[in-house]
Amino acid sequence: ETTAMTFSFIAEMLSKHPEVQEELVSEVSLFDKSFTVENLKKTPILDAVINEVMRLYPAGWAFTRVANSDVKVDDIEIKKGEIVLVSPFLLGRNEKFHKEAELFEPKRFIEDSVNRDAYIPFGMGPRTCSGANFAILELKVVLITLLREYKFEYCGAECEVDARATLFSKNGFNIKLIRKS
């Protein structure tokens with residue numbers, strides 16, 4: 001479910017940003033037909049698009065941790081044993097950590113201007129998502145396969161983001177998949 005939802009948010013963002021989609025299509029068109037780990041490492045635009053979407057729309061929008069010691073963060077005191085809610089969704093959209101945080105700008109990952117401490121779409125620490133590498137691999141293979149022959153087209157109704165166990169769209173994703181001629 002989390003990878004499928006991330007894919008849907010990627011399709012939404014590419015459909016709303018055709019210039020980024022075209023850049024990505026150019027990169028994908030150069031991609032060798034064989035899917036090897038080495039080949040998949042040579043996709044900086046694809047990596048940037050996936051990372052930027054996960055910054056804005058992390059499937060795991062929030063998680064909890066138990067403080068293992070007393071700590072003070074800015075003017076907030078957290079005592080040992082207290083439960084702390086961490087939100088990759090809010091961190092990814094915070095201007096304190098990301099310039100123009102609400103904008104979809106994949107180049108920030110190519111230029112390495114991302115605050116990595118505030119980019120945690122797969123969680124952090126010893127409980128980081130164990131499926132993170134597989135999810136990224138799966139997203140890359142599906143996107144490369146689709147973008148070779150299709151493009152995403154925006155249909156005018158923006159998704160309404162909601163959060164339950166995972167982040168999702170209340171009204172679905174209004175995107176057409178158009179075969180290239």
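**Exercise 1.** In this predicted model, determine which residue forms a salt bridge with K41, and classify K41 as buried or exposed.

Solution.
- Step 1: The partner of K41 is E38, with the closest N and O atoms 3.6 Å apart.
- Step 2: A salt bridge requires a side-chain nitrogen of Lys or Arg within 4 Å of a carboxyl oxygen of Asp or Glu, so the pair qualifies.
- Step 3: K41 has a relative accessible area of 56% and is therefore exposed, the cut-off being over 50%.
- Step 4: E38 has 48% relative accessibility, so E38 counts as partly exposed.

**Exercise 2.** Find the salt-bridge partner of E149 and state where in the chain the two residues lie.

Solution.
- Step 1: E149 pairs with R179; their closest N and O atoms are 3.0 Å apart.
- Step 2: E149 belongs to helix 7 (residues 132–149) and R179 to strand 8 (residues 175–179), so the pair, 30 residues apart, links distant parts of the chain.
- Step 3: The accessibility of E149 is 42%, which is partly exposed, while R179, at 52%, is exposed.

**Exercise 3.** Classify R93, a salt-bridge partner of E102, as buried or exposed.

Solution.
- Step 1: The closest N and O atoms of E102 and R93 are 2.8 Å apart.
- Step 2: R93 has 17% relative accessibility and therefore counts as buried, since the limit is under 20%.

**Exercise 4.** State how many salt bridges the structure holds, and which residues R55 is linked with in a network.

Solution.
- Step 1: The total is 12 salt bridges.
- Step 2: R55 is linked with E52 and R108 in a network of salt bridges.

Methods: Residues are numbered from 1 along each chain as its sequence is written. This is a predicted model: local features need pLDDT of at least 70, side-chain atom pairs count only at pLDDT 80 or more; totals for chains, interfaces and linings use all residues. Side-chain values use heavy atoms; hydrogens and water are left out. Buried means under 20% relative accessible area, exposed over 50%, partly exposed in between (1.4 Å probe, protein chains only). Helices (H or I, at least four residues) and strands (E, at least two) are DSSP runs, numbered from the N terminus.
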